Amino acid sequence: MLDPATTALLRAVLDEVCETVSQTETGARTHVASKILEAASRGETSADHLKQVGRQALSQAPTMWR
């Protein structure tokens with residue numbers, strides 16, 4: 001279980017990375033969130049690194065999700 005500060009960081013990173021993705025595009029947002037969460041669970045807690053992970057995940061998401 002993640003602490004509240006880490007959870008808030010992950011949400012902020014997800015929102016920033018997906019700012020151009022519609023809230024209804026749940027596939028893309030879920031894909032990005034899962035990659036960010038994977039990185040955090042490996043101990044990555046740098047906002048910059050998590051954003052990089054999220055942007056990479058978004059760029060690799062199927063076009064229909066964006």
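# Exercises on helix packing and salt bridges

In this predicted model, Lys51 and Glu16 are joined by a salt bridge, and their closest N and O atoms lie 3.2 Å apart. The pair connects distant parts of the chain, since Lys51 belongs to helix H3 and Glu16 to helix H1, with their positions 35 residues apart in sequence.

## Exercise 1

Determine whether Lys51 and Glu16 are buried or partly exposed, and identify the network of salt bridges to which Glu16 belongs.

**Solution.** Begin with Lys51, whose relative accessibility is 17%. Buried means under 20%, so Lys51 counts as buried. Glu16, in contrast, has a relative accessible area of 33% and is therefore partly exposed.

Next, take the contacts, leaving out residues up to four places away in sequence: Glu16 touches Lys51 and Arg55, while Lys51 touches Val13, Glu16 and Val17. The salt bridges then complete the picture, for Glu16, Lys51 and Arg55 are linked in a network of them. As a check on the spacing of the backbone in this region, the C-alpha atoms of Glu16 and Gly54 are separated by 9.3 Å, although these two residues are 38 apart along the chain.

## Exercise 2

Describe how helices H1 and H3 cross, giving the angle between their axes, the class of that angle, the handedness and the residues that make the contact.

**Solution.** Helix H1 spans residues 4–17 and helix H3 spans residues 47–60; their axes come within 9 Å and cross at roughly 45 degrees. That angle makes H1 oblique to H3, and the crossing is right-handed.

On the side of H1, the contact is made by Leu9, Leu10, Val13, Glu16 and Val17, and on the side of H3 by Ala47, Leu50, Lys51, Gly54, Arg55 and Leu58. Sorting these residues by type gives seven nonpolar, one polar and three charged. The residues of the salt-bridge network from Exercise 1, Glu16, Lys51 and Arg55, appear in this list of contact residues as well.

## Exercise 3

Carry out the corresponding analysis for H2 and H3, stating the angle at which their axes cross, the handedness of the crossing and the make-up of the contact.

**Solution.** The axes of H2 and H3 come within 9 Å and cross at roughly 145 degrees, and the crossing is right-handed. From H2 the contact draws on Ala28, His31, Val32, Lys35, Ile36, Ala39 and Ala40, and from H3 on Leu50, Val53, Gly54, Ala57 and Leu58. Divided by type, the residues of this contact are nine nonpolar, two polar and one charged.

Reading the two contact lists side by side, one finds that Leu50, Gly54 and Leu58 of H3 are named in the contact with H1 and are named again in the contact with H2.

## Exercise 4

State how many salt bridges a search of the whole structure finds, and describe the one formed by Asp15 and the one formed by Lys35.

**Solution.** The search of the whole structure finds four salt bridges. In one of them, Asp15 pairs with Arg29, the closest N and O atoms being 3.2 Å apart. Asp15 lies in helix H1 and Arg29 in helix H2, which covers residues 26–41, so the pair ties together parts that are 14 residues apart in sequence. As for accessibility, Asp15 is partly exposed at 34%, whereas Arg29 counts as buried at 11%.

In another, the side chains of Lys35 and Glu38 meet with an N to O distance of 4.0 Å. Both of these residues lie in helix H2, three residues apart, which is about one turn of the helix. Lys35 counts as partly exposed at 31% relative accessibility, and Glu38 likewise counts as partly exposed, at 36%.

## Exercise 5

Locate Cys18, decide whether Cys18 is buried or exposed, and list the residues with which Cys18 is in contact beyond its neighbours within four places in sequence.

**Solution.** Cys18 sits in the loop between H1 and H2, and with a relative accessible area of 2% this residue is buried. Once the neighbours within four places in sequence are set aside, Cys18 is in contact with Arg29 and Val32. Arg29 is also the partner of Asp15 in the salt bridge of Exercise 4, and Val32 is among the H2 residues in the contact with H3. Finally, the C-alpha atoms of Cys18 and Pro62 are 14 Å apart in space, while the two residues are 44 apart in sequence.

Terms used
Residues are numbered from 1 along each chain as its sequence is written. This is a predicted model: local features need pLDDT of at least 70, side-chain atom pairs count only at pLDDT 80 or more; totals for chains, interfaces and linings use all residues. Side-chain values use heavy atoms; hydrogens and water are left out. Axes are lines fitted to C-alpha atoms, for helices over the stretch in contact, and angles run from 0 to 180 degrees between N-to-C directions. Helices (H or I, at least four residues) and strands (E, at least two) are DSSP runs, numbered from the N terminus. Angles under 35 degrees count as roughly parallel, over 145 as roughly antiparallel, 65 to 115 as roughly perpendicular and the rest as oblique. A crossing is left-handed if the near helix is turned anticlockwise from the far one by less than a right angle, and right-handed if clockwise. Contact means heavy atoms within 4.5 Å. Ala, Val, Leu, Ile, Met, Phe, Trp, Tyr, Cys and Pro count as nonpolar, Asp, Glu, Lys and Arg as charged, and the others, Gly among them, as polar. Buried means under 20% relative accessible area, exposed over 50%, partly exposed in between (1.4 Å probe, protein chains only).
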